[in-house]
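Trainee: Can we go through this model together? I would like to start with internal space, then move to packing.

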Amino acid sequence: MTQKSGRRRYLYSAASFVLRLAAVVILLGGGVWWVLAHPETSVPSHWNPLRDLKVTAPVTPVTKFQLNRALASDVQCRAALEDAGVRFEAMEDLIVDQNCGIVGRGLLTKLVTSGIKDVETSCATALRLTMWEHHVVQPAARDLLGTNVSRLRHVGSYNCRPMRTAQGENSGWSSHARADSIDIVGVDTVDGRTLTLLSNWQDSGPEAAFLRQIWREACGWFRVVLGPDFNRLHADHFHLQGPGWGYCR
């Protein structure tokens, strides 16, 4: 057998192997898709990337994929909130100019478990806040405070204004100008306590530990999280922002 014919036979065998492998992958992929897409699939919805987000389901590696899909669709976002018992009254979108306005606008008046003073915001911000409240705030309150949170305290979401820095106003526009953020100043608990960042952040007890834990774990649900350790402008609140490059301080 010549060297050329041997090389041709090797290439033919390699090509045949690749084709057989591709066929197996396609068959397996099609089978997996069929299992996931079947109406009576045994795969739980919180493990199924083809299912819509369910706020109260356990968090899995699939949850963030489902959340991102819901954040990109006003219909899916509102459906996820409604399914969780969140009160988010739909409002007409607010269009002020190229810098200010609210897409997916609504009035948020209740989260899954806790109350919240009426706040006008976007569905995306409401959904991120809901995930944080249910999967971070309430478990931390039970673990560290021995109670549940009855109300989140905030100082607003939408505010048509430029960005503020320690040096003054920035030339850029704040994420509040599109209701992409909400500022949380503290919580009320079922057993009657009021915890605020201004009063409890520097404490050494469970209240401070609770505030620091919910600040740290907010980074899993918001892309930008700023608190008292960032600068003096945030001494009294958490700035929780949806869009951004990812910054937690």
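Mentor: Start with a definition: a cavity is a set of grid points where a 1.4 Å probe fits but cannot get out. Keep in mind that this is a predicted model.

Trainee: How many cavities of 30 Å³ or more are there?

Mentor: The probe must fit and stay trapped. The volume of the largest cavity is about 30 Å³. By this rule, the count is 1 cavity.

Trainee: Which class has 5 residues in the lining of the largest cavity?

Mentor: Residues lining the largest cavity include His46, Leu53, Lys54, Val55 and Met131. By class, 1 lining residue is charged and 3 are polar. The class with 5 residues is nonpolar.

Trainee: Why do the buried residues of α3 line one face of the helix?

Mentor: The buried residues of α3, residues 74-83, are Cys77, Arg78, Ala80 and Leu81. Seen down the helix axis, they fall within an arc, so they line one face of α3. Val75 and Glu82, on the other side, are exposed. The arc that holds the buried residues is 155°.

Trainee: What covers the buried residues of α3?

Mentor: Look for contacts, meaning heavy atoms within 4.5 Å. The cover includes two strands and two helices: β1 (87-90), β4 (105-110), α2 (63-71) and α4 (123-145).

Trainee: Which element gives the most to the largest nonpolar core?

Mentor: This core has 44 residues, and Leu129, Trp132, Phe210 and Leu240 have the most contacts inside it. Elements supplying at least two residues each include α2, α3, β5 and α6. With 11 residues, the top contributor is α4.

How values were computed. Residues numbered from 1 in each chain as written. Predicted model: local features only at pLDDT ≥ 70, side-chain atom pairs only at ≥ 80, totals over all residues. Heavy atoms only, no water. 1 Å grid on protein atoms, 1.4 Å probe; cavity = no way out; pocket = protein on both sides within 12 Å on 5 of 7 lines; lining within 4 Å. Points joined across faces, edges and corners; volume = space filled by probe spheres on them. Nonpolar A, V, L, I, M, F, W, Y, C, P; charged D, E, K, R; others polar. Buried < 20%, exposed > 50% of the residue type's maximum accessible area, 1.4 Å probe, protein only. Helix = DSSP H or I, 4+ residues; strand = E, 2+ residues; numbered from the N terminus. Arc of directions from axis to C-beta. Core = buried A, V, L, I, M, F, W, Y, C linked by side-chain atoms within 4.5 Å.
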